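Visitor: Please show me the model, and then justify the terms you use for it.

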2 protein chains.
Amino acid sequence: MYVTHLECPKCGTVFDHRKVVQLCQNCAAPLLVRYDLKKIKNKFRKKRLKHRIYNLWRYKEFLPIKNEKNIVSLGEVITPLLKLKNLGKTLGFKHLYLKDEGLNPGGSFKSRGAAVGISRAKELNVKSFAMPTNGNAGAAWAIYAAKAGIEANIVMPKDAPLITRSECAGAGAKLYLVNGLINDAGKIVAKAVRQYGMMDASTLKEPYRIEGKKTMGFEIVEQFGWKIPDVILYPTGGGVGLIGIYKALLELREIGIIDVLPRLVAVQAQNCAPIVKAYENGQKESVFWENAKTVAFGITVPKALGDFLVLDAIYKTDGTAVSVSDEDILKYKLLLAGSEGLFICPEGAATAAAAHKLLEKGWIKPKEKVVLLNTGSGLKYFDTIKPNPPILDINDEIVYPL
Amino acid sequence: MYVTHLECPKCGTVFDHRKVVQLCQNCAAPLLVRYDLKKIKNKFRKKRLKHRIYNLWRYKEFLPIKNEKNIVSLGEVITPLLKLKNLGKTLGFKHLYLKDEGLNPGGSFKSRGAAVGISRAKELNVKSFAMPTNGNAGAAWAIYAAKAGIEANIVMPKDAPLITRSECAGAGAKLYLVNGLINDAGKIVAKAVRQYGMMDASTLKEPYRIEGKKTMGFEIVEQFGWKIPDVILYPTGGGVGLIGIYKALLELREIGIIDVLPRLVAVQAQNCAPIVKAYENGQKESVFWENAKTVAFGITVPKALGDFLVLDAIYKTDGTAVSVSDEDILKYKLLLAGSEGLFICPEGAATAAAAHKLLEKGWIKPKEKVVLLNTGSGLKYFDTIKPNPPILDINDEIVYPL
C-alpha cells in the first residue's frame, strides 16, 4: 500500500491513516488520503493493467487497502462508457458519451465508495457505523456491510426512493426514516455517533469513500486510451464523485500519465443549487439552500460539507456549474431512454440537459468530447415514468397502429 | 461469421439463416443456429481472448453477427461469478458460487438475448416485432430496440413487475397489459404477428435469443479458468437460459475446450413446476400447468415451447429438476442479502433454496463446485421485502440498540 497519511486540505494538518479518523480535529474539514506518488510513478505501468482484474481494484496502487484479504467485493465492474450517437446527432454533439454507473452492484455509483470504504473499515477493525443518506449511499453501504459482517445504522429522509429502503432492510441494516432532509438525518447520525461510539460514515466524514469514487476518473481516462475528454458533467449533491474524479486526475497528472485536465461541470437542480449559486458569485463555499426539492432526489443536498472542494475543482479546471429544471430532467430522461435505450436516473438525466444548455451557450463546442456521468439505474426511480398502457382481455387483439 | 444454417432439433430440417425464419415449418419446433465448428476449432484460441472486449461480444466466433457494425450494445459486462463464503459456510457448501446477472444493462439476463437478438434483427433488416413477456424480457428487448431504431410491441400480464412497464414505456415501446398469464399474452402476439407481419420475438420463436443466452455458459467456463463447475442451477420458466448454457457447453466440447459437462438443474416454483413434473415422470415434454402462481414471477410459465430441450439437457447431463416453495424463495432471498450483500430477484433465490435441498438429499456433495444463476436484480422486485422502519422527527434520537 502506498498511503502515507491523511491530510486536511484546509489547514494542512497531517493524521495517521492507521487509525479511524473522521474530520480534521482543527478545522472540521474532510480529510484526504495521500499516497507516495513518487514511488507509484516508479512502479506503475499502464500495460500491466492488461493482466489485472477488470474492475476498480485494478488501480490498487491508488487505493488504501494494505491486505487484499480485506477487500469486500460484490463483483464490481468497469462501467461502460457509451457513445451516444443517436442523442448526439439530435442535440448537435459530435462526441457525446455517457458513463453508466447504473451497472454497479446495487445499481449506483455509491457502490464504489462503499466497496473501498467498507474494505478499509474492515481493515481498521470497525464493527459498526451510522450514516445519513438520500437512499443510494445507504443501500450501497448496507449491502457491502452485510458481506463484511459490519453493523450498519442508516437514517434516510422518508421521501427517499422506496426501493432503497428495501435494500437496506433486506441486507439487515438498522434503518430509520426522518421527517426531513438529508441534513436532518445527518444531525441524528451525529448524535448517535457521539452517544454510541460508532464510526461516522457520513459523506466526507470518513476519508475513504472518495478513494472509491475516484476510480471513475481512472476508468474514464483508461477508457479513452489514457487520454482525457474535454468536459465531464457530474450531477452534484454531496459532490464526492466530482471531488473523487478531480483527485484521480491530479494523481494521474502527478505521475505523468496525463498533462492537462478536462473541464469539470457540477450539475444541480434549479430548486437545490447551492454550488451553482456560489460559483456564479465567485465564492469558495456555498450557503445552505432553503426549501430544497427536486425530482432528482439524490442531489437534494442543501449544503455539502465538501462544497469548497467541489468549487475548487471547478475553478482549477476552468469548469462551470449549471442548474436545470425538473421539467428538463424528466424530458432528457425520456430522450435518453427513447433514443439510446438507456433507462437512467433523474440525476444522470440532469447532465444531459445541462450539456445541451452549455452547447447552446457555446461553452461546449460541438466537436468536443463530452462525458455525461449517469450515477445510477433508472430502476430505482421507476415512478418518474407513469405509463398507462391499455389492458386487454385474453381474447382481445392488438389494434395497430394505435 | 461461422453460422452455416438453422436446424430443427426435432425433425432435422435445415433453414436459411440469411432470412427471417421463426419456427420449423414442419413441426413448429424452435430452430437452433448451427456453426461450422470445425472451422472454429481451427481458428479459436483461448489466449487471444485476453486482448478482446470484456463482454459477451468477445465470443464472436460463436455469435450470429456477420457485420460488427450491426452490433447494438448498451455496454454489456462480464457478470461477476462470486464465491459465497458466508452462505456456503452456513449451508454446508465448500464451493458455492453465484453468477450475478443483475449487473447486465436493464438489470437482468434478458439483456443477453436482446443484445444478440436485436443485433441480428437489425442485420436482417427487421423493422418491427411483437413479443409476450413476464416483464424483464420485454424491458430488455424494448431498450435494445430503442437504440437500434426498431419498433417494439410488448404484451405482458398485468401482474408483471411494475418497473418493467416503466422501462418499456420509457424506451418508447408500444405496451399492452393482459388480464392473464404469459401464454395469454402469447396468443395476442400471435394474432398481431399474423395480422401485421411483424417479427415474432416470443421465447424461442426466433432463433437468436438463445445465442445471446448461451454466452452465460462461455463466461462460466472462462471464469473457472476454462474448466467446468460440477453443478449449475438455473431458475426455469421458458428455459432459454438453460438451453443456451447447454448449447454453449456442447459447442465448447465439440471444439475440444472441455470434455465432461456439469450437471444442469432446472429450478421451478412449487405452484408452477411443469418441467419438474415431467422430469419426475421421465417424460420428454411437459404438460400445461393449471393455476400457475408464484412470487418468482419471471418463471410463471405454465408450458414452455422449449420444454423438450430443457428436459433433454437435464437428462443428457445427469442433472435434475427441483421445485421450491414461495416461502423458501423469500427466505433464501433474505439470507443472500443478509449474509452476502446480494439483493437478488426471487427467481435467483429459488436456486439457493434448491441447492440446499439437493445438498441435504445428498444429490450435491459438500465439496462440489456449485453455481447458482441469479437471473436479475432484486430492484425489480423490491416489494417482496416490506420494511417498516421507525419514522423519526428531526429532533429525535436513535434509540440503540433497538
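What follows is a short exchange on symmetry, interface and strand pairing.

Guide: This is a predicted model, in which local features need pLDDT of at least 70, side-chain atom pairs count only at pLDDT 80 or more, and totals for chains, interfaces and linings use all residues. Residues are numbered from 1 along each chain as its sequence is written, while chains are lettered from A and ligands numbered from 1 in the order in which they are written.

Visitor: How do you know that the two copies are related as by a two-fold rotation axis?

Guide: Copies are superposed by least squares on the C-alpha atoms of residues with pLDDT of at least 70 in both. Chain B falls on chain A after a rotation of 180° with 0.0 Å of shift along the axis, at RMSD 0.0 Å. The two copies are thus related as by a two-fold rotation axis.

Visitor: What makes residues of chain B and chain A count as in contact, and how many do?

Guide: The C-beta atoms of the two residues, placed from the backbone, must lie within 7 Å. By that test, 63 residues of chain B are in contact with 63 residues of chain A.

Visitor: Why is strand 14 of chain A said to pair with strand 8 of chain B?

Guide: Strands (DSSP runs of E, at least two residues, numbered from the N terminus) pair if DSSP finds at least two bridges between them. Two bridges join strand 14 (residues 391–392) of chain A to strand 8 of chain B, so the pair qualifies, and the strands run parallel. I391(A) has L177(B) as its bridge partner.

Notes:
Helices (H or I, at least four residues) and strands (E, at least two) are DSSP runs, numbered from the N terminus.
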